[in-house]
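Hi everyone, thanks for making time this morning. I'd like to walk you through one model, beginning with a pocket and working outwards.

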Amino acid sequence: MKPLRYIYRTLLLALILGATRPAVAQQSLSLQEAVQLADLHNREILESQLGVEQAAQQRIVARALYLPSVSAQAGVNHYFDLPPFFGFGETSSEGKVPYGRFGGKDQLNASVSAVQPIYNPLAIPSLHHARLQERESQTALQGRRQEVLASLRETYLKVLVLNERIKLQQESIRRNNRVLQDARSLLLQGKGLRVDTLRAYTAVRNLEPELVRLSFAVETSTLQLKTLIGVDSLQDIVLTDSLVVPGPEAVPSEEDVYAAAKRNNPYFQSLALREQLEDQQVRMTSSLRKPQLSAVAQYQVQSHTNSFEYGNAYYPSASFVGLQLSVPLFAGFSSQAKVKRAALGRQQAVLRQQHAHEQLRASVHQALAARQESFARLETASVTRETARLSYTIIQYRYKSGISARLELTDAELALSTAQSNYLEAVYDYLSAGIALNKLQGIAD
């Protein structure tokens, strides 16, 4: 059985060289291409689009309350005895009502009926409610799209930063490996100490686990990116965009961001629509207590025969037109309860919107503070990185000249690696804060 150290180093080498899986066709993706693919294939966006289509169909259902309804009915019955009809002749002395039987044992009845609403108090609020629901579903689609694209941008950015950190970690390993080789060479020449070699070896080995962690983090983040884009998880993708830090931008005021969020953010638009929906719901439930007037018409054909001889039978017809008035009188107190429930729902919508607007001010302040704080850290980290790089270059020259000790070079290399890592973290935080601020303002693209 191979020792654990050998297995560990083999896995590490595979991760560094990218040989963890067989080579397959790769798809190059820029951020813009990833956004376009997400619009087409992301399952959350597709689900929200189906919701918009459902709302459109509901609007057609509500519009049907204005249109006539036509139905056809037909029935064939066979009686074993002729159907009785009461009221023929005189009532007997015993008080029994006389009856008679006539007609045919086989009877056919066919009719076509039409009902045209003239006054339906439910029609107008139902149509308005359906239109508002359609707008709400479209707003929900916009909100879902903004959330998906914001997550996509942040994940894409995360993968870019992780790749840069892997490069920095590999550079650090190479620098420490050179120090280790120098230490071993001096030890073999009798000019160095064993403790220097052990210290250099330990420094190299301490860097390797972080490289493994970063490699797996890239793999996990890439899988999340594939899910957001909507491509097959087995498809290999290569990110073509590079990590670019934009210059300083003018920071908008809190009032401007607050107004933009209320105006453009789909979540707050949805809250406003929800209040209007509850208003229409109140009107719909109130209409349940109002009368309805409809025009009705019917054309009917009947026939009686025996032994199923419908081909040798009369088919007299009858037709009529008229008005039908329906007045609700009592429904077990359900109508009053529905109206009250709808009114309470409207009050809830108003309170929910007010609470969201109050929370929005805190969210705006937090988003702007995060943006400014991350930019300040980015400036500091940029200066620190350049200082650490210059310090390492000087100490490396002094070390090669025999002026500086090996420990100084090791400390300078550690400071440089830490400064570079902190700079990448500051870049990620700054760009992420920009994505969060745009999302809050309802900016999708």
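Let's start with the second largest pocket, whose lining residues divide into 15 nonpolar, six polar and eight charged. In that count, Ala, Val, Leu, Ile, Met, Phe, Trp, Tyr, Cys and Pro are nonpolar, Asp, Glu, Lys and Arg are charged, and the others, Gly among them, are polar. Before I go on: this is a predicted model, where local features need pLDDT of at least 70, side-chain atom pairs count only at pLDDT 80 or more, and totals for chains, interfaces and linings use all residues. Residues are numbered from 1 along each chain as its sequence is written, and side-chain values use heavy atoms, with hydrogens and water left out.

Back to the pocket. It holds about 610 Å³ of space, a volume being the space filled by probe spheres set on grid points that are joined across faces, edges and corners. A pocket here is an open set of points on a 1 Å grid over the protein atoms alone, where a 1.4 Å probe fits, with protein on both sides within 12 Å along at least five of seven lines; lining residues have an atom within 4 Å of a point. There are 29 lining residues, and Leu31, Arg153, Leu431, Ile435 and Asn438 lie nearest the centre. Helices H2 (31–41), H4 (123–188) and H9 (406–440) each give two or more residues to this lining, and H4 has the largest share, with eight. Helices and strands are DSSP runs numbered from the N terminus: H or I for helices, at least four residues, and E for strands, at least two.

Where else does H4 turn up? It gives the most to the largest nonpolar core, with seven residues. That core has 20 residues, and Leu152, Leu225, Ile229 and Leu239 have the most contacts inside it. By nonpolar core I mean buried Ala, Val, Leu, Ile, Met, Phe, Trp, Tyr and Cys residues joined through side-chain atoms within 4.5 Å. Buried is under 20% relative accessible area, exposed is over 50%, and partly exposed is in between, using a 1.4 Å probe and protein chains only.

Which residues does Leu152 touch, leaving aside its neighbours within four places in sequence? They are Leu31, Ala34, Val35, Ala38, Leu225, Leu228 and Ile229, where contact means heavy atoms within 4.5 Å. Notice Leu31, which we met by the pocket centre.

Now over to the strands. Ser294 lies in strand E7, residues 292–305, and counts as buried because its relative accessibility is 14%. Beyond its sequence neighbours within four places, Ser294 contacts Val115, Gln116, Pro117, Ile118, Gly322, Leu323 and Gln324. Tyr119, in strand E5 (residues 106–119), counts as partly exposed at 42%. With the same neighbours within four places set aside, Tyr119 is in contact with Lys290, Pro291, Gln292 and Leu293.

Have a look at the loop between E7 and strand E8 (317–326), where Ser307 is found. Ser307 has a positive phi of about 55° although it is not a glycine, and Phe308, in that loop too, has a positive phi near 60°. Are they buried or exposed? Ser307 counts as exposed at 58%, and Phe308 does at 52%.

Finally, the overall picture: nine helices and eight strands, with buried residues making up 35% of the 445.
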